[in-house]
Structures are given as C-alpha cells and as structure tokens.
Amino acid sequence: MTNANLPQRLSAGLCTLLLVFFAAFASATATVENYGYPIQDRFVATVVGTPEGYEAELPKDIPMKKRWLNVFPERHLPDLIWYGQEMIYSEALQDRPAPLIFLIAGTGAAYNGGKNTNMARAFYKAGFHVVSLSSPTFPNFVTSASTTGVVGHAQRDAEDLYRVMEMIWKRLEDKIEVTSFNLTGYSLGAFNSAYVSHLDEQRKSFNFRKVLLINPPVSLYNSISLLDRMTQNIPGGEDNFNQFFNKLVQAFSKIYKEEDDIGGDFLYQAYKAMNLQDEELAALIGVSFRMSSSSLVFTSDVMTDFGYVKPRGLALDRYADLTVYNQVMRRLGFTDYYHDFFYPFYKADYPDMSRDEFISAISLTGIADYLRSSEKITVMHNENDIILEPGEIDFFNEVFGERATIYPYGGHCGNINYKDNVAHMVATFTEGAQ
Amino acid sequence: MNQLILRGSLLVLALSLGACASAPEQLPEADARADALAQPADYPEPVFAASRIVPADSIDVTSVYDPWEGMNKRIYNFNYHFDQWVFLPVVRGWRAVVPEPARVGVHNFFENFRDVRTMANSILQASPSKLMQSTGRVLVNSTIGLFGLIDVATSMGMPKPDEDFGQTLGHWGVGTGPYLVLPLLGPSNVRDGVGLYPDFMLQNYVQNDLLAQPVRATAFLFDSIDTRSNTSFRYYETGSAFEYQTVRWLYTTKRELDVEK
C-alpha cells in the first residue's frame with residue numbers, strides 16, 4: 001500500500017471506528033472453544049474490528065446494484081430534506097434459482113455500510129440473492145420509508161421494514177427465482193429482524209426459512225442508555241469534548257503523516273500508536289453514537305415538525321444555516337429523544353401505557369415466547385458485548401437455548417468479519433438447504 | 001483539479017461523524033450565530049432551545065470559515081443535479097462500454113501526470129524526498145509501465161506522495177481563505193481553488209508536449225470521467241441534514257493534514 005490509499009484508509013478506519021455503537025459488559029460461560037479471534041478487550045474489539053489476516057476471504061467485486069424505491073409517492077417532504085423521497089437499497093442477484101436473504105444494518109448505518117457490505121459478499125459467494133437494507137435509524141429510511149418519521153419503535157419499525165421488503169420482492173418476483181426467504185441483521189438490525197420475523201408469522205409474505213440475529217440488544221432503551229453514558233468517559237466531561245476531540249484528530253494526523261506503508265490494517269495500527277485507554281475508547285464510541293443519533297433525531301424533528309430542537313412551524317429551506325441546530329443536537333442524548341420526543345409523540349396512540357411500560361416494551365422480552373418457540377431463529381452473540389447490561393447476555397441462553405452461540409469475546413460486532421464468524425453466519429443458512 | 005472532488009470514503013466517514021474538530025481562528029461567527037439562534041418571536045419555543053442547551057462560551061470544533069455559505073450550498077445543489085443529469089450517466093456509459101482493464105489503464109495514465117504534478121510541487125516545496133519518490137514513479141511508469149498505462153511503481157512498493165499547488169501555498173504559510181464549493185469539482189477553498197490553475201497549466205503543458213492532437217483534445221474529458229468514476233461520493237446520499245457542514249469539516253481537516261504531511 002502506498003500513501004495514495006491513506007485518505008481512504010484513514011477515513012475507512014475512522015469510519016469503522018465511528019460506525020460502532022452500543023455499550024456495556026456481561027458474564028456467562030463460553031460455549032465456543034479454541035476461539036481464534038485475537039482481541040480480547042471488548043472496547044478494543046468493538047472499535048478495531050477484525051485485524052488483517054483474520055478476516056474471511058471474500059470476493060471484492062460482486063454484482064451489487066443500487067436501487068431506489070418510492071415507498072410513499074404521495075409524501076411531500078420539507079424543503080430542507082427534499083432529497084430523501086426515495087429509499088435507497090441494494091441487491092446482488094444470482095442468475096439461477098437461489099435462496100434470497102435480506103440484510104438489515106445496525107443503528108444509524110446505511111444499506112452499504114462496511115458490515116452490511118461484507119455480509120453481502122459472504123452470502124453472495126455462498127450462492128444467495130442478497131438484498132441489503134438500511135437501518136430504520138438511517139436518515140434516508142426515516143424520510144422515505146418510515147410511516148411516522150419517528151423511529152425506534154419495535155413494532156412500527158418492523159412494519160415499515162416489512163412493507164419495503166414486500167415492495168422489493170414485488171419488483172423481483174418476475175426477474176429471479178427464489179427457493180426460500182431468509183433474514184439477518186446485526187446490532188439494532190438483529191433486533192429489527194426478530195420483530196420482522198414475528199410479524200411475518202401473521203402476514204406470511206415470506207415464511208422465512210431461517211433468521212439469524214447477530215449481536216442484538218435485549219432492551220433497546222438499556223443499550224441506548226449505556227451508549228449515551230459513554231460520553232461521560234470524555235476526560236473532564238462533555239464540556240471538555242473539544243480537547244478530547246482535538247487529541248484524537250492529532251493522534252490520527254500523526255499516524256497519517258508518518259506512516260507510508262501501513263497495509264490494510266490502519267485501525268489496528270492506529271489504535272496501537274494512539275495508546276488509548278478503555279475510557280477513551282468508550283468515549284469515542286459514545287461520541288460516534290451521538291453523531292449518528294443527532295442526524296437521525298434532527299431529521300425526525302424536521303419531518304414531523306414536532307418542535308424538538310427546531311421551533312414548530314419554522315420552515316427551513318435547503319440552503320438554511322443549520323449550525324445552531326447541529327450544536328444543540330450534539331448536546332442531546334438518545335435517551336433525551338426517547339423521553340422528550342418519542343414518548344410524547346406516540347403517547348396518543350397508547351394512552352394507557354406509562355412512560356416506563358412504554359420503554360420496557362421496546363425489548364426482545366416482549367416477544368420472548370415467540371423467540372423461545374421459533375426453531376428457525378438463531379443467535380450469534382459475544383459474551384463481552386458492550387451494549388448489554390450485566391446479566392443481559394443470559395437472556396439468550398435462557399430463551400434460545402442451543403440456538404444461541406455465545407462467543408467468548410468480540411465486543412460489539414468486532415468479530416463480525418472474523419473468518420470463523422463469517423463461516424458460522426453462512427452455515428446457519430446453508431445447512432439443510434437443498 | 002480532479003482531486004478536489006471529494007473522495008467517497010471521506011463521505012462514509014461523514015456519515016458517522018456527524019461533525020467534529022479543527023477549530024479555525026475565524027470564530028467571532030460563533031457569538032453572532034448564538035444570538036441569531038435565539039428564536040424568532042413568532043415561532044413556538046422548541047423543547048430544547050439553543051439558549052438553554054449550548055453554553056454561551058462553547059466553541060464549535062467543527063466550524064469552518066464559510067462566509068459564502070448561501071452561495072456554496074446553491075453550488076452544492078447544482079453539482080448534485082449536474083451529477084444526476086450529466087456526469088453520472090456518462091460515467092455509467094463509460095463503465096458499461098469500456099472493459100475494466102482498459103479503464104484501469106486510462107486511470108493509471110492520468111495518475112502518471114498526477115505524479116508529474118507532485119514532482120513540480122515537491123520542487124516548489126523544497127522537498128527532495130518527495131521529488132525523488134515522484135520522479136522515480138514517473139520514470140518507472142513511463143518506461144516499463146508503457147507510457148503510464150501500467151502502474152508498475154505501485155506494484156514495486158514505491159510510495160506515492162500527492163502534492164498540488166494548493167498544498168504548496170499552504171506549505172509556505174498561505175491560509176485557506178473562505179470555504180468554497182466549486183461548480184462540478186466540489187469542496188475546496190480559495191487557496192486550493194487558486195492552486196488549480198497552475199496545476200492545470202502544467203498538466204496541459206506536459207500533455208501538449210507528449211500527446212498527439214486527437215488524444216490531447218479529449219484528454220481533459222477522459223480525465224474527468226475517470227476521476228468521477230473513481231470517486232464514490234454522491235451528493236445528499238448520507239441523508240443527513242448536516243451533510244454539508246460535515247463534508248465541509250472533513251474536507252478542511254483532510255487538506256490541513258495533507259499540507260502538514
């Protein structure tokens with residue numbers, strides 16, 4: 001590698017670093033022996049991912065096509081977000097009959113984010129038609145495919161996802177031959193997958209053959225609270241964000257300037273060179289989560305004219321100066337959104353539910369019976385995932401039993417590109433298939 | 001001039017970053033903005049008003065001096081439409097008609113001229129090591145690499161410094177001036193925008209010397225198509241309402257690092 005690739009590496013690195021969400025710690029017994037993923041620290045794994053040499057070997061070029069879908073043709077978007085009318089997704093199709101798999105991205109992530117792209121490669125290589133979807137928390141999904149424009153609601157998000165999946169299948173059914181429908185997602189996308197599968201039991205458009213949940217949260221609110229609190233790890237508190245951030249940028253720039261040949265392992269090298277402590281990594285994860293949630297929440301605010309940070313009735317045009325809204329949004333956590341926007345917004349639809357009941361309903365425990373009895377659903381998780389409260393990992397052993405595979409480490413999705421995990425992922429869907 | 005079209009990977013970063021860092025000096029803006037953000041009286045107070053949330057003395061580390069923001073956003077918008085109606089359809093045609101190995105050859109061919117540009121700017125920056133590296137690349141690629149069509153130098157592990165006149169100006173202490181979105185080319189600033197001209201003239205001069213007339217006439221066109229084809233950035237596709245300022249900050253930070261590099 002030469003330094004011509006460095007900007008890409010720098011940004012791809014930062015990107016991975018920053019597209020990371022969710023946090024906490026856990027306890028349980030390892031069910032996987034001789035696990036070879038090399039990073040045992042949960043924060044490092046979450047941020048750094050899978051180092052070079054440990055990744056699955058996947059084809060770089062697959063026939064991935066970007067597609068646009070006008071879900072609500074009647075929708076009229078505010079001028080500020082005029083570009084968000086059509087939902088963007090991608091498909092990579094086999095030229096023979098094959099099983100189809102839908103991929104749902106994690107919090108704030110696009111259909112073509114790094115993790116989704118890798119998974120698409122793995123499944124395409126294994127002979128699947130692959131359809132990649134953004135998370136309902138990705139701004140483009142909010143503007144184009146969310147019925148209400150206010151996301152994070154387990155059932156509503158599942159219905160929105162189900163609608164676009166049906167529309168996409170309608171487009172494809174004359175073009176390709178499908179032998180079975182399958183579903184997977186990581187992080188929040190895994191949480192969404194569980195609810196989409198639940199919905200499919202009633203609607204039966206797909207009758208999913210297999211569903212794999214990769215590193216899902218148990219309680220969305222718990223995971224989000226953990227992530228929000230991570231910004232408290234900024235040395236000196238949130239008011240010292242600037243110093244912290246400048247330190248990070250300086251560290252990155254030092255590596256950027258000095259390293260000419262750093263191979264495909266920029267993040268790992270950067271991590272080692274920067275010598276960050278766990279607290280700082282946690283802060284970084286918290287900041288990254290804050291950045292993606294602020295885009296999302298502001299988009300919802302503009303969509304609904306709710307009056308959260310933008311005054312109600314104020315019409316911003318596409319050229320408006322948004323500096324101040326950006327500044328305000330960056331001071332607000334996702335929990336603020338749940339209490340002061342999400343809850344009041346949906347309160348009218350669920351008048352009998354208290355705030356606490358409302359929040360605890362957004363959890364996999366709400367469909368635990370379904371998950372317990374549904375043989376088609378399997379889980380792949382990590383014992384030291386940072387998005388789970390202490391003890392929450394036990395939920396998966398209790399509910400899924402042998403259908404849960406808990407890796408001893410990997411943090412939050414840090415091992416998702418590790419060769420054993422990719423093989424596990426693919427085998428989940430190929431075993432027993434015709 | 002093409003390097004100014006923002007690199008796609010930066011955009012991916014933009015997506016997740018939302019915004020951050022690199023405090024420029026020009027910040028009396030911040031106060032004025034804080035005042036301006038106090039709500040106009042005829043709108044209802046939002047749940048979280050800036051006056052209650054943002055500390056009065058807070059400095060926005062992601063702010064960039066951008067006095068022409070209104071104009072810049074209009075050009076940004078224009079670039080999107082130009083992409084949709086002209087640039088991207090042409091790129092799609094290019095990718096459909098020209099087979100991959102030929103496209104790579106064209107790309108390498110123009111990259112070789114980029115190395116010539118780096119040679120010239122390395123001299124101007126008095127940097128012998130970059131001059132050696134870029135000269136070595138040009139010599140190898142122009143000969144063994146068949147006039148630049150094959151990037152032998154990279155296969156041999158030769159480093160590829162990337163210097164342009166904007167960086168040369170920055171190297172000698174010239175400030176960036178206001179942020180600027182250039183028609184067709186995208187994010188830039190006054191310094192880098194001015195720097196395009198000598199770089200462009202140099203490339204023209206070298207190409208005029210080396211290329212036959214019919215090739216010369218179309219070189220600029222193919223260079224542009226090749227560059228767009230290799231840039232995955234798509235305007236507005238992050239979906240974030242904050243995309244403009246995020247891209248602005250990323251561009252500015254990256255150029256700051258490039259000058260220091």
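**Strands and a helix in chain A**

Biologist: Which residue in strand 6 of chain A stands opposite A:Tyr186?
Modeller: This is a predicted model, where local features need pLDDT of at least 70 and side-chain atom pairs 80 or more, while totals for chains, interfaces and linings use all residues. Residues count from 1 along each chain as its sequence is written, with chains lettered from A and ligands numbered from 1 in the order written. Strands (E, at least two residues) and helices (H or I, at least four) are DSSP runs, numbered from the N terminus. Across from A:Tyr186 sits A:Ile214.

Biologist: How many bridges join strand 5 to strand 6 of chain A?
Modeller: Strand 5 covers residues 178-186 and strand 6 covers 210-214, and they run parallel. Pairing takes at least two DSSP bridges, and the number joining these strands is 5.

Biologist: Which strands stand at the edges of the sheet?
Modeller: The open sheet has 8 strands in chain A, ordered 1-2-4-3-5-6-7-8, with mixed pairing. An edge strand has a single partner, so one side is left without a neighbour in the sheet. That describes strand 1 and strand 8 (404-407).

Biologist: What arc do the buried residues of helix 5 of chain A cover around the axis?
Modeller: Buried means 20 or more other C-beta atoms within 10 Å of a residue's own (exposed: 12 or fewer), with C-beta atoms placed from the backbone. Helix 5 (residues 154-172) has buried residues including A:Leu161 and A:Val164. They lie on the same side because their arc, taken from axis-to-C-beta directions, is only 160°.

Biologist: Which exposed residues does the face of helix 5 of chain A turned away from its buried side carry?
Modeller: The buried residues of helix 5 pack against strand 1, strand 2, strand 3, strand 4 and helix 6 of chain A, with contact meaning C-beta atoms within 7 Å. The face turned away carries A:Glu166 and A:Lys170.

Conventions. The expected span of a helix is 1.5 Å times one less than its number of residues. Two residues are in contact if their C-beta atoms, placed from the backbone, lie within 7 Å.
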